[in-house]
Amino acid sequence: MLCTRLTNARFLTMDPGHPVAHDLGIWQGRIVGLDEAVTSLPAREVIDLQGATVLPGFIDAHVHLAWTGFKENTPSIAGCTRVDEVLAVVEEAVIRKGTPGAWVSIAGYDQRALGRHLTAAELDTVSHGHKLFLLHDSGHGCVVNSAVLDLLPADLSRDGGFLAEGAMGAARALRLPYSQRELADAIGRAARTCLAEGVTACAEAGIGGTLVGHSPVELGAYQLAREEGLLPLRVQLMVSADRLHPVAAHEADGIPRSLDLGLRTGFGDDRLSVGALKIFTDGGMMARTAALSSPYEGLVHAGQLQDDPDVLADAIVDGHLAGWQLAVHAIGDRAADLALDALERAQRLRPRPGARHRIEHAGLIRPDQLPRFARLGVSAVVQPNFLRYFGDDYAAIMGEERAPWLYRGRAFLDQGITLVGSSDRPVTDGSPLRAIQFMVERASESGQVIGPDEALTVDEALRAYTVAGAFACHWDDRLGSLTPGRLADLVVLGDDPRRVDPSRIGDIEVVATYVDGRWTGKAAS
């Protein structure tokens, strides 16, 4: 007997062997058959989906759950366009904090809305003895007041109060880590938001690190969230590479650096597991710290690498030798060169053709770099909504020649490169449907078309958020398609993305999500 049979729906299975179905049977959390294979079988529950469209649950291969959850509960200056507006919001948050000398966090900082960076001196006027930390929306910088600057080493670049990359990490390190209780609650809030948008599995893009990490015992917070029922979707955890340390393993193992006990990619189960090793090579375009091979338009610099190139390359090679899948953050083309060079060296030292290494973001990729991705078998994990919301700005700072190379789509597929969709939530909107719409239209919110030759078909964009996401996370034997034997993770939509006008894809209602064949409730409104 089936546990559940879903009927009267249009199942877009993403399985070329059986691309469309009308019935789907579930037993003990797995799909056991489609159409005639299950229509005559008895079931404890038969659910009439009333003509809805059903897809495999969306997989977001690059998110920040804890950061998302904290951001939802943090005072924000998003939408402020004047310095006096910003200072008024900050002062209100300071007054509410009350505790003298305490840290006050503010979200939503983006210098582009103000036309320049805030300064420590300006923040000092409203700090009232508190330590202020305004996190840049990109996650690659912050603005702090003088009370924080006074605690930092004198040799750190501080640019009037704006701290980028490593300097930001130094400021973060001054604060106590979040408790596991606080982390678990934040993770739970973000997980519910993901489910409301049809995401049933995701990869948390960096725990325990200096740049993106909230505690040295952050993995335990995810375990706590799971134990307490706060983790209603599947999560794979990327571990920050700066958590690795030298180990005296047997010389035959060839492992120069590792986590304790040799923990690496693959540990865990279907609900919570350890994924890739996260390695940062550069910054971000919003903060103008992505490392380019030639300067930003209108600026005299070309961004920055996170460390000495040899140090970064050695970290990539050591991670590969230790048996990890690698998720290498490389937004600018200069950073991508470094990543590709190091991955090539690593594979030469110890060939691992099934490693499925990934380049996260791949924000600006030159035509000559595409064949190298393909030759190395590296996936491109992109964030289409970056261009939907920030595309006008990104196109302007790249200039006419480079703008078509931003967050590519078609060029990756034409080279046989696995193209993976993701959000980098909360940097921008996490909705897979809105990202899929951009991948088809290549249009920013203003209507500017960016790299029209990179446009995908709807089917190709859907694959990026299902089949390709599963492949990138080593989940392709259990997720990504509605195939018998796979886990029954589904998203129920109010319309068929392939049948509506592309301009409407992002507005399709997410009616419900199923994880392990269990209905998780109607999507939040």
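So, I59 and A201: A201 sits in strand β13 and is the bridge partner of I59. Their two strands, β8 at residues 58-63 and β13 at residues 199-207, pair in the parallel sense over four bridges. By pairing I mean that DSSP finds at least two bridges between the strands. Strands here are DSSP runs of E, at least two residues, and helices are runs of H or I, at least four, numbered from the N terminus. β8 is mostly covered, with six of its six residues buried. Buried is under 20% relative accessible area, exposed is over 50%, and partly exposed is in between, with a 1.4 Å probe and protein chains only.

Quick caveat: this is a predicted model, where local features need pLDDT of at least 70 and side-chain atom pairs count only at pLDDT 80 or more, while totals for chains, interfaces and linings use all residues. Numbering runs from 1 along each chain as its sequence is written, and side-chain values use heavy atoms, leaving out hydrogens and water.

Okay, the core. The largest nonpolar core has 122 residues, and F373, Y394, L406 and F412 touch the most other members. Helix α8, residues 180-196, gives the most to this core, with eight residues. A core, for us, is a set of buried Ala, Val, Leu, Ile, Met, Phe, Trp, Tyr and Cys residues joined through side-chain atoms within 4.5 Å. Apart from that one lies another core, of 20 residues, including V94 and L132.

What is Y394 in contact with, leaving aside neighbours within four places in sequence? R112, M285, M286, F386, L387, L406 and Y407, with contact meaning heavy atoms within 4.5 Å.

Now pockets. On a 1 Å grid over the protein atoms alone, a pocket is an open set of points where a 1.4 Å probe fits, with protein on both sides within 12 Å along at least five of seven lines; lining residues have an atom within 4 Å of a point. The largest one holds about 1000 Å³ of space, volume being what's filled by probe spheres set on the points, which are joined across faces, edges and corners. Its lining has 40 residues, and S105, R175, L176, Y178 and H214 lie nearest the centre. β9 gives the most to that lining, six residues.

The second largest pocket has a volume of about 380 Å³. That one is lined by 19 residues, with A241, D242, F280, D307 and L312 nearest its centre. α7, β17 and α10 each supply at least two residues of this lining.
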